[in-house]
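Trainee: I'd like to learn how to read a structure feature by feature. Could we walk through one together?
Mentor: Sure, let's put it on screen.

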Amino acid sequence: MREIAVSEITRNIREMCIEANHFLGRDVKNALDDGEKKEESPLGKQILGTLEENLGIAGRDMIPICQDTGMAVIFLNIGQDVHFTGGDLYDAVNEGVREGYRDGYLRKSVVGDPIIRMNTRDNTPAVIHCEIVPGDQVEITVAPKGFGSENTSRIFMLKPADGLDGVRKAILAAVRDAGPNACPPMIVGVGIGGDFEKCAEMAKHALTRDLDEEPEVSWVRDLKREMLEKINQLGIGPAGLGGRVTCLGINIETYPTHIAGLPLAVNICCHVNRHTRRTI
Ligand code: SF4
């Protein structure tokens, strides 16, 4: 049994909230670069260039990539041989978010009650997903999520007879309806299978995967390739002002499901697809 003080979790999450809001992964930067080369619309090309410039300034001058610094989504993969000491794990996660958003001068975007809507003033609570895995390490993923794109995300409880074609149509409908509101170019996370909440969690988690990742299952690999192509034929383009580069990448997660259903979630993220990962 390995003991980990919860203060370690707080310290890492504090740093990761700041890091995620100022730097994007190499995969997203490469996709923006490629997109700028591919974009045929002069305005679209200019917008992609501006997004890249903005990204450079964010990292250099430590100004957040976007004013919406997101609701903090935290994935914890906890080794079953880990024993946390020194306090409550969820309190430690929220303390890390609190300190990170305070010390990084990040916008506090969380309201404590969804109807009364008083800002909690420290960006807590985070949305926390925990999974127990083998081993004695903890993998932490911090993914601040902007709500311009989150608001355009969808769940479809398809019927088994809808099949792969139904899945294709639903993904395209979600992206088409999102249009400019998702601050394109977007990144699309898809969860297929499980049940109502499992497919949503998979779609969110899919956004934290490397854009270049090749799925092992052949139909998933083909669907990933096909949907990227089809989405980029919709003509939404950078900032929704027309063009070919509507989507920078798509990742798909799957899970077994019930004989009577085909749940599908499409979690849409803007180009500011923030996530950072550490293992302690
Ligand atoms: S959707 Fe993304 S780019 Fe648009 S405001 Fe929110 S975080 Fe910023």
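Trainee: Is Met118 buried or exposed?
Mentor: Some ground rules come with the answer. This is a predicted model, where local features need pLDDT of at least 70 and side-chain atom pairs count only at pLDDT 80 or more, while totals for chains, interfaces and linings use all residues. Residues are numbered from 1 along each chain as its sequence is written, and side-chain values use heavy atoms, with hydrogens and water left out. Now the general idea: buried means under 20% relative accessible area, exposed over 50%, and partly exposed in between (1.4 Å probe, protein chains only). Met118 has 59% relative accessibility, so Met118 counts as exposed.

Trainee: Which residues make a nonpolar surface patch with Met118?
Mentor: Patches take residues with over 30% relative accessible area and no salt bridge, joining like charges within 9 Å and nonpolar side chains (Val, Leu, Ile, Met, Phe, Trp, Tyr) within 5 Å. Areas come from the Shrake-Rupley method with a 1.4 Å probe, and for residues only the protein chains shown count as cover. Here Ile115 and Ile116 join Met118 in a patch of about 400 Å².

Trainee: And salt bridges, how do I read those?
Mentor: Side chains of opposite charge can pair when their charged atoms come close. The cut-off is a side-chain nitrogen of Lys or Arg within 4 Å of a carboxyl oxygen of Asp or Glu. By that test, the whole structure has 22 salt bridges. One of them joins Glu15 and Arg11, at 3.4 Å from N to O. Both sit in helix α1 (residues 6-20), four residues apart, about one turn of the helix. Helices (H or I, at least four residues) and strands (E, at least two) are DSSP runs, numbered from the N terminus.

Trainee: Which residue forms a salt bridge with Glu19?
Mentor: Arg278 does, with the closest N and O atoms 3.1 Å apart. Glu19 belongs to helix α1 and Arg278 to strand β10 (residues 276-279), so this pair ties together parts that are 259 residues apart in sequence. Glu19 and Arg278 also belong to a network of salt bridges with Glu8, Arg11 and Glu15.

Trainee: What joins the side chains of Thr141 and Arg277?
Mentor: A polar contact of 2.9 Å. That term means a pair of N or O atoms within 3.5 Å; within protein, one must be able to donate a hydrogen and the other to accept it, and residues adjacent in sequence count only if both atoms are side-chain atoms. Thr141 lies in strand β5 (residues 138-145) and counts as buried because its relative accessibility is 1%. Arg277, by contrast, is partly exposed at 37%. Arg277 also meets Glu139 in a salt bridge (4.0 Å, N to O).

Trainee: Where is Arg209, and what does its side chain do?
Mentor: Arg209 is in the loop between α7 (196-206) and α8 (218-231). Its side chain makes a polar contact of 2.7 Å with the side chain of Glu253. Glu253 is in strand β8 (residues 247-257) and counts as buried, at 12% relative accessibility. Arg209 is partly exposed, at 27%.

Trainee: How many helices and strands does the chain have?
Mentor: Eight helices and ten strands. Of the 280 residues, 48% count as buried.
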